[in-house]
Amino acid sequence: MAELTYREAVARAIAQEMRRDERVVFLGEDVAKAGGVFKATVGLLEEFGPRRVRDTPISEQAILGAAMGAAMTGLRPIAEIMFSDFMAVCFDYVANEFPKTRYMTNGQLSVPLVVRTGNGGGVRFGAQHSQSIENWSMMIPGLKVVAPSSPIDVIGLMAAAVRDNNPVIFHEHKALYAVKGEVPDGEIVDTLGTAKILRAGKDCTIVALAMMVPRALEAANRLSRDHGIDAEVIDVRCLVPLDTQAILGSVVKTGRLFTVEENPRLCGWGAEIVSIVADEVFWDLDGPCVRITTPHIPLPAADHLEDIALPTADRIVERVSRVMNGD
Amino acid sequence: MKDSRAGPRHRGALPNDDIGVETRLEMFRLQVEIRDCEKRAHDLFLQNLVKGTSHLSLGQEAIAAAFGTAMQPGDKSFCTYRGHAHTLARGVGMEKMLGELMLRDIGLMRGKGGSMHLTSVEHGVMGSYAIIGAHLPIACGSAWRAQYLGDGDVSVCFFGDGTTNIGAFHEALNFAAVWKLPVVFVCENNLYMEYTPIADVTAVAHPAADRAAAYGLERIVIDGNDADVVYRTAIAALEKARGGDGPSLIECLTYRHSGHSRADPAKYRPEGELDRWLERDPVKIYRQRLLDFGIAPEEISRIEERSREKVDEATAACKASPPAPEALLTADVYDDGGWAWRN
């Protein structure tokens, strides 16, 4: 057992998979010699050499296109898109190429690759380096979409993503890179499409993802302490496949649903979860389903403005307690 | 090159006898079959049996036929939505291709892909890409895999002149050159970017070749209507790639006899332009070359007759094939064969 940061977990996860399988290769901008702009890939070049850990030009289309070409002919590439905002530069691959190839070719080709990317706000980078974009890819048939919140989940879910035969978009949260967590020694492999109930509760269900998970947990503890509300907190971890069983089971038990999302309100993933709950367990609900989100705005750089925009533990506590008390 | 038929009579008789009779007959057969098959696709479209859209490469057959002949079985090809010719040239059967155009169960992808997405992995046909430029980086990735695993195959990527103004073209060329990848980029410059002359929207006269120097590559412009010229260039580029000397960018000058797609009557072409190019029809000039080379007219006719028979047989098989079963609708979205996005 060792205490690792989220960023160290990224490098350990990639190393674990590269040691296991010679077909796993890693490419991206500044990922090799520089160890990544977030220092999440330090040590990989030293261990695996420039044949397997490769710096690329600033060419996002070439990075994802090459990863796809390699994946569909026999390698299992991990590609980095430095900031998730840049995914828009190469979105043809994310939207049109990776996810449709298997279907269009009637199963002749698979695209087993992982695109890992620094997602989310809270670090004062402004509107083009702070977006939370996991919902961009969630809506596209053929992709899997992951967003871990802890070091151990980074390793386990990355391993599962690399071993998966589908294209996986893996969102690492920039504001979580310095977060530490206990991680057991040895190989860790998790399962995609499994949510984790991080705090059991009986009064309401709070569903969160990535950076919103620690905030939801803090809010739940304060709701219990200050308001007598016992909230169950679920870390979704993976949007596709979605663990609807865990979410529906929890909502049936508590009768109340809150989602906490970092992405802007319109068409955020919380809306999909609310819709599923309304469709399938409506008669188990004791009140409205409530989404706590960033407003429908680009994120500002100014620290106090960014702090207001993103859901905080304070906001979660305030909103949940108010709704639970029927205000 | 194997050449059992080239007798001493032909040695030195023509300046291009380095290619050999067998190879020439193969390139002729492919050109004729591609021509006949695409003409049939057009007929079937007029009968409403080919649905959606289709992009014919009538007039451009020499490029596909020559590369198809020059490439080795393990090589990978990547092409565009104008990819019927390149698919047939790798050995895919006509009924598979026409069946896909007719969206029947017999088709290459059982109707799930359509004319713009022809793929046959067993023939090394690694997809036809319908978003301009997308497949150049993908071909780089396939070439990277070959380099990494020491597989020894070459990835060949066909695209039109319009692609040369897409960002992915430039990203792929730089990427391939920097990583010294075994990939051959083949630009089929047919003078038109869809409906617009490429010259009207491009800063240089030769949209591919004039950019080669920017990536440290040789400037190569060839007559894309002469299968022998294309074949020799292809062999050289494939050998260079296989030998570890990196990518090539080849600009083949050619002309499409019909419009961009079936919806385009090509009225934008200046008067006389098509006629001038029809005089340089690759199938016609190659047929004459075979005669000049001493191939018996009967042998040529046999190839032509057999091609027409094959097209008729394929058409009949496609017409008899049912449409794709409904179960295919939700099949193969994910690797487990299904479409489930939730547990």
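The accessible surface of chain A comes to about 11,400 Å², and carbon and sulfur atoms account for 54% of that area. This value, like every other in this report, was computed from a predicted model, and the account below takes the two chains in turn before looking at single residues.

**Chain A as a whole**

Chain A contains 11 helices together with 14 strands. Its radius of gyration is 19 Å, close to the 20 Å that the globule rule gives for 327 residues, so chain A is as compact as a globular protein of that length. Measured out along the principal axes, its C-alpha trace spans about 60 × 40 × 40 Å. Of the 327 residues in this chain, 64% count as buried. If one takes the contacts in chain A with a separation of 6 or more, 81% of them are made by residues 24 or more positions apart. The chain carries 33 positive and 43 negative side chains, and the centres of these two sets lie 2 Å apart.

**Chain B as a whole**

Chain B has 11 helices and 8 strands. For its 343 residues, a compact globule would have a radius of gyration near 20 Å, and the value for chain B, 20 Å, agrees with this. Its C-alpha atoms fill a box of roughly 70 × 50 × 45 Å along the principal axes. The surface that chain B exposes is about 13,300 Å², with 52% of it supplied by carbon and sulfur atoms. Its charged side chains number 39 positive and 48 negative, and the centres of the two sets are 2 Å apart.

The table sets out two further values for each chain.

| Chain | Buried residues | Share of contacts with a separation of 6 or more that join residues 24 or more positions apart |
|---|---|---|
| Chain A | 64% of 327 residues | 81% |
| Chain B | 58% of 343 residues | 72% |

**A helix with a buried face in chain B**

Helix H10 of chain B runs over residues 282-292, and its buried residues are Pro282(B), Val283(B), Tyr286(B), Arg289(B) and Leu290(B). Seen down the axis of H10(B), these buried residues fall within an arc of 125°, so they line one face of the helix. What do the buried residues of H10(B) pack against? Their partners are four helices of chain B, namely H1 (21-46), H2 (61-70), H8 (227-242) and H11 (297-320).

**The loop between H1 and H2 of chain B**

Two of the helices that H10(B) packs against, H1 and H2, are joined by a loop in which Leu49(B) is found. Leaving aside residues up to four places away in sequence, Leu49(B) touches Leu44(B), Leu101(B), Met102(B), Arg104(B) and Lys319(B). Leu49(B) and Leu98(B) are 49 residues apart in sequence, while their C-alpha atoms are 10.0 Å apart in space.

Asn48(B) also has its place in the loop between H1 and H2. Most residues other than glycine have a negative phi. Asn48(B), however, has a positive phi of about 60° although it is not a glycine. Is Asn48(B) buried or exposed? With a relative accessible area of 52%, Asn48(B) is exposed.

**Another positive phi in chain B**

Glu194(B) lies in the loop between strand S5 (192-193) and strand S6 (196-197) of chain B. The phi of Glu194(B) is near 55°, a positive value in a residue other than glycine. Its relative accessible area is 37%, and Glu194(B) is therefore partly exposed.

**Two loop residues of chain A**

Ile229(A) is found in the loop between helix H7 (212-227) and strand S11 (231-235) of chain A. Ile229(A) is buried, because its relative accessible area is 6%, which is under 20%. Not counting residues up to four places away in sequence, Ile229(A) touches Asp203(A), Cys204(A), Ala220(A), Leu223(A), Ser224(A), Ser321(A) and Met324(A). By contrast, Pro50(A), 179 residues away along the chain, has its C-alpha atom 54 Å from that of Ile229(A).

Pro241(A) lies in a further loop of chain A, the one between strand S12 (238-240) and helix H8 (244-254). Most peptide bonds are trans. The bond that joins Val240(A) and Pro241(A) is instead a cis peptide bond, with omega about -5°.

Definitions and conventions:
Residues are numbered from 1 along each chain as its sequence is written. Chains are lettered from A and ligands numbered from 1 in the order in which they are written. This is a predicted model: local features need pLDDT of at least 70, side-chain atom pairs count only at pLDDT 80 or more; totals for chains, interfaces and linings use all residues. Side-chain values use heavy atoms; hydrogens and water are left out. The radius of gyration is taken over C-alpha atoms; the globule rule is 2.2 Å times the number of residues to the power 0.38. Buried means under 20% relative accessible area, exposed over 50%, partly exposed in between (1.4 Å probe, protein chains only). Contact means heavy atoms within 4.5 Å. Accessible areas come from the Shrake-Rupley method with a 1.4 Å probe; for residues, only the protein chains shown count as cover. Lys and Arg count as positive and Asp and Glu as negative; His and the chain ends are not counted. The place of a charge is taken as NZ of Lys, CZ of Arg, CG of Asp or CD of Glu. The arc is that of the directions from the helix axis to the C-beta atoms.
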